[in-house]
Protein chains: 2
Amino acid sequence: MSPTLSDIAKDAHTSVSTVSRVLAGGNAARRISAPTTQRVMDAARRLGYRPNLLARSLRTRRSHTVALMVSDIANPWFGALASLIEQALHRQGYSLVLCNSAEDVVLENEYLQLLPQKGIDGLILVPLLRSKQALDEQLPAGLPTVILDRPLGGHSASVSTDQDELTTRLCDALAKAGVKRVAVVAGPEHVSTHQRRAEVIASRFEVVASIRGPARQETGRAAIVKFAGMSFEAVVATNNFLGIGVLDAMISVDHACVLGCFDDIPLMHLLPVPIVCANQDVEKLAEATVKMLVRQLDGSKDVIEPVVIPSTIVTNGAFSKRVDPR
Amino acid sequence: MSPTLSDIAKDAHTSVSTVSRVLAGGNAARRISAPTTQRVMDAARRLGYRPNLLARSLRTRRSHTVALMVSDIANPWFGALASLIEQALHRQGYSLVLCNSAEDVVLENEYLQLLPQKGIDGLILVPLLRSKQALDEQLPAGLPTVILDRPLGGHSASVSTDQDELTTRLCDALAKAGVKRVAVVAGPEHVSTHQRRAEVIASRFEVVASIRGPARQETGRAAIVKFAGMSFEAVVATNNFLGIGVLDAMISVDHACVLGCFDDIPLMHLLPVPIVCANQDVEKLAEATVKMLVRQLDGSKDVIEPVVIPSTIVTNGAFSKRVDPR
DNA sequence: TTGTATGCGTTATCAG
DNA sequence: CTGATAACGCATACAA
């Protein structure tokens with residue numbers, strides 16, 4: 001059994017309140033005499049005291065903990081994002097608990113209920129659900145929350161990339177490579193980013209084939225099977241996992257076909273397939289998110305404006321050669 | 001303010017304990033009359049009651065929460081592992097909080113202290129620290145703990161791959177490809193897996209160059225710069241991130257040089273570089289880990305034996321051609 | 001079948 | 001400067 005304030009009080013021949021004050025440090029601690037302070041500190045160290053944070057949070061209603069729920073932690077992009085957010089929060093004195101909705105709406109709901117009950121001070125959410133109402137239903141009113149990557153209409157505390165601009169720039173690059181007809185590999189339509197990207201693409205090119213499925217590699221691989229024999233200049237995938245799946249299955253496929261993709265394909269420049277990738281800026285997203293959350297945690301009441309982070313277009317050697325064969 | 005048992009009691013004209021019993025469900029709930037049960041349920045629903053899990057855990061000393069601390073969540077391999085573990089735990093009725101030590105010993109220590117204070121029932125740890133003593137110093141005695149991936153001498157609750165066998169098989173494959181001299185890119189020596197892998201490699205080949213650094217892509221890239229102009233048949237990296245870094249910098253380098261690596265290089269078979277990869281079995285690791293932890297959580301007192309998971313060797317087309325040029 | 005009383009480990013209020 | 005004492009929200013032994 002871990003020692004408590006009361007154990008220390010007994011050992012140091014004083015009261016629980018005094019012990020609490022000493023260990024709290026700060027103003028309260030300064031009003032305690034040097035000898036008692038000494039005895040308390042000694043006892044605490046000797047007994048190996050560790051405060052019970054459950055009890056403390058129950059009393060103070062603060063946990064100095066924020067939760068980050070991502071839609072798929074197996075996706076390296078979210079891994080990188082989580083890592084950056086964790087570091088930024090740590091600098092601000094908060095610790096992070098990470099949750100994974102695993103692209104599962106039921107699980108997301110479950111955690112959305114559970115997390116506040118466990119006493120978090122704030123929440124960063126990459127949501128699956130699509131409306132502010134659905135969110136408000138699950139979350140206690142007043143919980144500082146930042147929506148990341150997939151803004152929800154009406155919720156102003158959000159940090160994201162402009163999907164239209166992002167996708168438009170991707171399309172521009174594809175057009176420059178002579179692409180007219182595309183095959184689209186899209187993630188679930190209830191995810192706004194996938195949906196919007198697919199829409200913009202459809203508005204720019206002739207979509208001769210398409211598939212929808214979970215944002216996992218399998219879907220990308222299935223796409224290539226389904227598209228076999230059809231004719232198009234590019235495959236466009238609405239995220240990196242889908243794109244990797246496409247590439248993974250592409251081994252026996254026309255290598256002159258371009259891949260359009262989002263969010264970082266590893267080792268892209270070594271691949272023989274022409275690739276153009278529209279990358280969101282993970283560092284900036286993480287930084288802005290934490291900044292926005294901490295401001296709320298610090299009790300600022302000024303209105304919060306959505307933050308939009310600029311993006312980058314990256315291509316590999318095979319793509320450049322395709323655009324300008326020299 | 002979220003409603004409490006007392007609010008419901010008032011609303012349903014009964015006592016807090018009765019409400020508690022009704023809401024608890026199970027045996028206690030069955031001994032309450034139908035009408036009161038009804039009134040309580042109604043009130044609870046109407047007020048939107050959500051139990052305060054902090055208070056409950058404080059009282060019951062159980063949180064139904066386990067923590068997983070990985071050494072680097074930005075590494076997709078750990079992302080996959082985390083995702084699988086989360087799913088398995090969820091099936092068992094536990095929720096997961098994920099922590100990231102980010103290859104930082106100080107941060108690891110901090111979290112190791114913090115987590116138990118927050119009331120977790122169990123811990124799964126991919127440790128940075130190297131000894132059972134160091135671990136026992138941080139953790140309260142009796143906390144169910146499973147060490148994952150990097151066994152600690154003396155701690156029997158561990159799940160891992162046999163690093164010697166894993167590395168030996170990698171070396172066998174390299175030898176078959178005619179490799180004699182290698183350059184080694186190794187992660188920190190205080191991480192047992194990196195260290196052991198490097199040792200085994202050194203015992204099998206002539207190491208003509210080597211570099212050590214954090215297990216990040218930068219280190220792999222730096223290696224290629226450092227090794228420029230030297231002569232060897234293979235570069236061996238002690239994990240996937242290092243390997244990816246090596247590949248990333250390899251663009252202008254001799255493509256006949258083989259890469260030996262661990263834990264999954266994405267899109268390996270599309271790459272023009274000959275690659276052999278020794279893969280640990282993530283699914284089995286996750287499954288065995290959760291099984292071992294849950295057994296402890298259920299209070300089983302029988303002795304725990306370390307679990308060792310078999311591994312797989314994977315090569316790409318470029319490698320096969322190198323072994324047997326036809 | 002139900003209510004009362006107590007305690008989980010802290011912090012905060014109020015005396016002294 | 002310090003010590004009782006009362007919460008925080010919940011679960012449970014003990015009565016009734």
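**Two chains, one DNA strand, one sheet**

Of the 24 residues around DNA strand C, those that come nearest are A:Leu5, A:Asn52, A:Ala55, B:Ser17 and B:Ser33. Keep in mind that this is a predicted model.

Let me stay with the DNA for a moment. Which helices build the surface near strand C? Four of them each supply at least two residues: α2 (16-24) and α5 (53-60) of chain A, and α2 (16-24) and α5 (53-60) of chain B. The largest share comes from α5(A), with five residues. As for composition, the surface near DNA strand C has nine nonpolar residues, eleven polar and four charged.

Now the two protein chains. How do they relate? Take chain A, rotate by 180°, shift by 0.0 Å along the axis, and chain A superposes on chain B with an RMSD of 0.1 Å. The two copies are therefore related as by a two-fold rotation axis. The same surface serves both copies: 100% of the contact residues of chain A recur in chain B.

Next, the contact itself. Chain A puts in 40 residues, and chain B puts in 40 residues. On the side of chain A that touches chain B, these elements of chain A each supply at least two residues: α5, α6 (76-91), β2 (95-100), α7 (105-117) and α12 (240-249). Which one gives the most? That is α6(A), with seven residues. Note that α5(A) appears here, and α5(A) also appears at the surface near DNA strand C. This side of chain A divides into 23 nonpolar residues, 13 polar and four charged.

On to chain B and its sheet. The sheet is open, with six strands and mixed pairing. Read the order as β7-β6-β8-β9-β10-β12. Where are the edges? They are β7 (206-212) and β12 (311-315) of chain B, and each pairs on one side only. Neighbouring strands of this sheet are turned by 15° against each other on average, direction ignored.

Look at the β7 end. Strand β6 (residues 181-186) of chain B runs parallel to β7(B), and six bridges join them. To find your place, go to B:Val182: B:Val207 in β7(B) stands opposite.

Last, a helix over that part of the sheet. Helix α10 (residues 192-204) of chain B lies across four strands of chain B: β6, β7, β8 (234-237) and β9 (258-262). How does α10 run against β6(B)? At about 170°.

That is the tour. Happy to go back to any part.

Definitions and conventions:
Residues are numbered from 1 along each chain as its sequence is written. Chains are lettered from A and ligands numbered from 1 in the order in which they are written. This is a predicted model: local features need pLDDT of at least 70, side-chain atom pairs count only at pLDDT 80 or more; totals for chains, interfaces and linings use all residues. Copies are superposed by least squares on the C-alpha atoms of residues with pLDDT of at least 70 in both. Two residues are in contact if their C-beta atoms, placed from the backbone, lie within 7 Å. Two strands pair if DSSP finds at least two bridges between them. Axes are lines fitted to C-alpha atoms, for helices over the stretch in contact, and angles run from 0 to 180 degrees between N-to-C directions. A residue is near a molecule or strand if its C-beta atom, placed from the backbone, lies within 6 Å of it. Ala, Val, Leu, Ile, Met, Phe, Trp, Tyr, Cys and Pro count as nonpolar, Asp, Glu, Lys and Arg as charged, and the others, Gly among them, as polar.
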